[in-house]
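Trainee: Could we go through the labels used for this model one by one, and ask what each of them rests on?
Mentor: Yes, and for each label we will set the value beside its cut-off before concluding.
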Amino acid sequence: MKIVFDAISSSKSDTTHLASKFVSTVENQSIIYLTGDLGTGKTFFVSTCSQFYGLTKISSPSYSRVSVYNGQVNLIHCDFYRVDHHYEFLCNEVEPLLVEPWLLFVEWPSEILNIDCSYEYDIRITMNDNNSKRRIVITRL
């Protein structure tokens, strides 16, 4: 594992800058796992990354579990909050969506996915005690 970024964000602008910097280095066919408490900015981070590819109006797929956005890349956004993602679900629902070029963002992962990819990244977002700043640590697995 290699830490790619370790930064403190004091604002949406700081997070936008970090997400833009990160996504500009990511190769297609990569999986990005996002962990953090509710409200830490996981979906905001994905939305900011999507703008790099000309994709807008990204929202949380909490109810549908998987959303797909087609553009310069096929961006697949999964939200597994309170849901175990089983092998069958991944094979039947997620893998068919991985049409090159693709990026797969997974919020609330319970495990590393067994999907052939270029790279995997872990993004951990934590808030300080008064919720005014976020620490964002990005590691390449």
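Trainee: Which residues make the nonpolar surface patch of about 350 Å²?
Mentor: In this predicted model, the patch is made by Met1, Ile112 and Leu141. A residue can belong to a patch if its relative accessible area is over 30% and it has no salt bridge, and nonpolar side chains are joined within 5 Å.

Trainee: Why is Ile112 called partly exposed?
Mentor: Its relative accessibility is 48%, and since buried means under 20% and exposed means over 50%, with partly exposed in between, the label follows from those limits. Ile112 is placed in the loop between β5 (102-107) and β6 (120-127).

Trainee: Trp108 also has an accessibility label, so what makes it partly exposed?
Mentor: Trp108 has a relative accessible area of 23%, and because the buried class takes in values under 20% and the exposed class values over 50%, the label is partly exposed. Trp108 lies in the loop between β5 and β6, and it has a positive phi of about 60 degrees although it is not a glycine.

Trainee: Is Gln29 buried or exposed, and how do you know?
Mentor: Gln29 has a relative accessible area of 15%, and because buried means under 20%, Gln29 is counted as buried. Its place is in the loop between α1 (12-23) and β2 (30-35), and Gln29, although not a glycine, has a positive phi of about 60 degrees.

Trainee: What makes β1 and β7 a strand pair?
Mentor: Strands pair if DSSP finds at least two bridges between them, and seven bridges join β1 (residues 2-9) to β7 (residues 134-140), so the condition is met. The two strands run antiparallel, and the bridge partner of Ile8 in β7 is Arg135.

Trainee: How do you know that β6 pairs with β7?
Mentor: The reasoning rests on the bridges once more: seven of them join β6 to β7, where at least two are needed, so these antiparallel strands count as paired. Arg124 has Val137 as its bridge partner in β7. The hairpin of β6 and β7 has six residues between the strands, and in this hairpin Asn131 takes a positive phi near 60 degrees.

Trainee: Where is the cis peptide bond, and what is its omega?
Mentor: The peptide bond from Glu100 to Pro101 is cis, with omega near -10 degrees, and Pro101 lies in the loop between α3 (87-94) and β5.

Notes:
Residues are numbered from 1 along each chain as its sequence is written. This is a predicted model: local features need pLDDT of at least 70, side-chain atom pairs count only at pLDDT 80 or more; totals for chains, interfaces and linings use all residues. Side-chain values use heavy atoms; hydrogens and water are left out. Patches are made of residues with over 30% relative accessible area and no salt bridge: like charges are joined within 9 Å, nonpolar side chains (Val, Leu, Ile, Met, Phe, Trp, Tyr) within 5 Å. Accessible areas come from the Shrake-Rupley method with a 1.4 Å probe; for residues, only the protein chains shown count as cover. A salt bridge is a side-chain nitrogen of Lys or Arg within 4 Å of a carboxyl oxygen of Asp or Glu. Helices (H or I, at least four residues) and strands (E, at least two) are DSSP runs, numbered from the N terminus. Buried means under 20% relative accessible area, exposed over 50%, partly exposed in between (1.4 Å probe, protein chains only).
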